[in-house]
Amino acid sequence: RRPATTELTLLSRQDFPGADGQAATILRFAWPAQSWTDRLLGRGLRRFVAGDLIGVLPPDSAVPRFYSLASGYQDGFVEICVRKMQGGLCSGYLHGLQPGARIQAFIRPNPAFVIDSPRAPVMLIGAGTGVAPLAGFIRDNTRGAPMHLYYGVRDPGLDYYFGPEIERWLQERRLASLHTTFSRVPDGGGYVQDALHRDADRLRQLLSSGAMVRVCGSRPMAQGVAQTLDAILASLNLSVQQLKARGRYAEDIF
C-alpha cells in the first residue's frame with residue numbers, strides 16, 4: 001500500500017548539460033511546516049536520512065518513481081539529482097519544474113543501504129547521478145568518520161554533480177579522500193573501476209580492516225565495480241559476495 005503523499009515546493013534547481021546530451025538537474029525541495037500534532041499522528045513527511053528513497057507521483061500517474069536522497073531530514077530540505085531520460089514521464093516532469101512549483105511525494109526507507117554513524121572506514125563508489133546519496137552520506141559526516149569517495153563522470157565541465165560541495169567537504173574533513181575519473185576527457189583516468197584498480201593496495205588495507213562499501217549508479221557500472229573489487233580482494237581470500245553476506249557491501253542500482 002502506497003503511503004500518503006506530502007506536497008513539496010521546489011526551492012532551487014542546478015542544471016548540468018551533461019555529456020552526450022544527457023542533461024541532469026539537482027532539485028532542492030521544502031516541505032510544509034509540521035505541528036506537534038501532525039508529528040504525533042504521523043501526518044506530513046516522515047523523517048528520512050541520505051540514501052533513503054523519495055517516491056514522486058507525476059501528474060496523471062498513479063505509479064511513483066523513486067530517487068535516492070542526497071539529504072537528511074536534519075538538513076531541512078529534500079534534495080535529489082535527476083537525469084532526464086528519453087521518453088521518461090517523471091524525469092521529464094521534474095526537469096520542467098521551476099522554483100515555486102509543487103509536487104506530490106512520499107518517503108520510502110532504504111535501511112539496507114543507508115549508513116548509521118559509521119565507526120569503520122567507508123568506501124563510497126559512484127558514477128553519474130549515482131553520486132547523490134553518497135554526497136548525502138558525506139554531507140552528514142559531521143563527526144569526520146573516514147570516508148573515501150571514488151566518483152566517475154564523463155566530463156568535469158558538463159556532469160560533475162555536487163563538485164563544489166564535494167571539494168568543500170574534503171577541506172572540512174567530512175571526506176577523507178577523493179578519487180575522480182573523467183571518461184570522455186584525454187588523460188581523465190578512465191572509469192571509476194580504473195580508479196579502484198590504481199588504488200588496489202590501499203583498498204586491500206581498508207577492506208581487510210573492516211571498511212564498509214556503498215555503490216550507487218547504473219547496473220553495468222556496479223557489475224564492473226564488483227568484478228574489479230573481486231580481483232583486488234582475491235589475495236585476501238575475500239570477495240564482494242562475502243562482504244554482502246556480512247552486511248558490509250550494499251548497492252543502489254538503477
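**Close-up 1. Ser 117 and its exposure in the predicted model.** In this predicted model, Ser 117 counts as partly exposed, because its relative accessibility is 42%. Look for Ser 117 in the loop that runs between strand S6 (102-108) and S7. The backbone here deserves a second glance: Ser 117 is not a glycine, yet its phi is positive, at about 45°.

**Close-up 2. Asp 60, another residue with a positive phi.** Which loop holds Asp 60? Asp 60 sits between strand S3 (53-57) and strand S4 (65-68). Its phi is near 60°, a positive value in a residue other than glycine. Is Asp 60 buried or exposed? With a relative accessibility of 85%, Asp 60 counts as exposed, because the cut-off for that class is over 50%.

**Close-up 3. The largest pocket and its lining.** Rolling a probe the size of a water molecule over the atoms reveals where empty space is left. The largest pocket has a volume of about 540 Å³. How many residues line the largest pocket? The lining is made of 24 residues, and those nearest the centre are Ala 127, Gly 128, Gly 152, Arg 154 and Ser 218. Three elements give two or more residues each to this lining: strand S8 (147-153), helix H5 (192-198) and helix H7 (219-233). Sorted by class, the lining has eleven polar, nine nonpolar and four charged residues.

**Close-up 4. Helix H7 and its neighbours.** Helix H7, one of the elements that help to line the largest pocket, has 15 residues. From its first C-alpha to its last, H7 reaches 21 Å, close to the 21 Å expected at 1.5 Å a residue. Which residues of H7 are buried? They are Met 221, Ala 222, Gly 224, Val 225, Ala 226, Thr 228, Leu 229, Ile 232 and Leu 233. These buried residues pack against several other elements, namely the strands S7 (122-127), S10 (212-217) and S11 (249-253), together with the helices H5, H6 (200-208) and H8 (240-245).

**Close-up 5. Arg 168 and Glu 172, a pair of side chains.** Side chains of opposite charge can pair when their charged atoms come close. The structure holds nine salt bridges, and one of them joins Glu 172 to Arg 168, at 3.6 Å from N to O. How exposed are the two partners? Glu 172 counts as partly exposed, because its relative accessibility is 39%. Arg 168 is also partly exposed, with a relative accessible area of 40%.

**Close-up 6. Asp 199 and Arg 202, partners in a salt bridge.** The closest N and O atoms of Asp 199 and Arg 202 are 3.2 Å apart, and the two residues form a salt bridge. Asp 199 is buried, because its relative accessible area of 16% falls under the 20% cut-off. Its partner Arg 202 is partly exposed, at 26% relative accessibility.

**Close-up 7. A salt bridge within helix H6.** Where do Arg 204 and Asp 201 lie? Both are in helix H6, three residues apart, which is about one turn of the helix. They form a salt bridge whose closest N and O atoms are 2.8 Å apart. Arg 204 is partly exposed, with a relative accessible area of 22%, whereas Asp 201 counts as exposed at 60% relative accessibility. Elsewhere, salt bridges that share partners join Arg 28, Glu 79 and Arg 139 into one network.

Technical notes. Residues numbered from 1 in each chain as written. Predicted model: local features only at pLDDT ≥ 70, side-chain atom pairs only at ≥ 80, totals over all residues. Heavy atoms only, no water. 1 Å grid on protein atoms, 1.4 Å probe; cavity = no way out; pocket = protein on both sides within 12 Å on 5 of 7 lines; lining within 4 Å. Points joined across faces, edges and corners; volume = space filled by probe spheres on them. Helix = DSSP H or I, 4+ residues; strand = E, 2+ residues; numbered from the N terminus. Nonpolar A, V, L, I, M, F, W, Y, C, P; charged D, E, K, R; others polar. Expected span 1.5 Å × (residues − 1). Buried < 20%, exposed > 50% of the residue type's maximum accessible area, 1.4 Å probe, protein only. Contact = heavy atoms within 4.5 Å. Salt bridge = Lys/Arg side-chain N within 4 Å of Asp/Glu carboxyl O.
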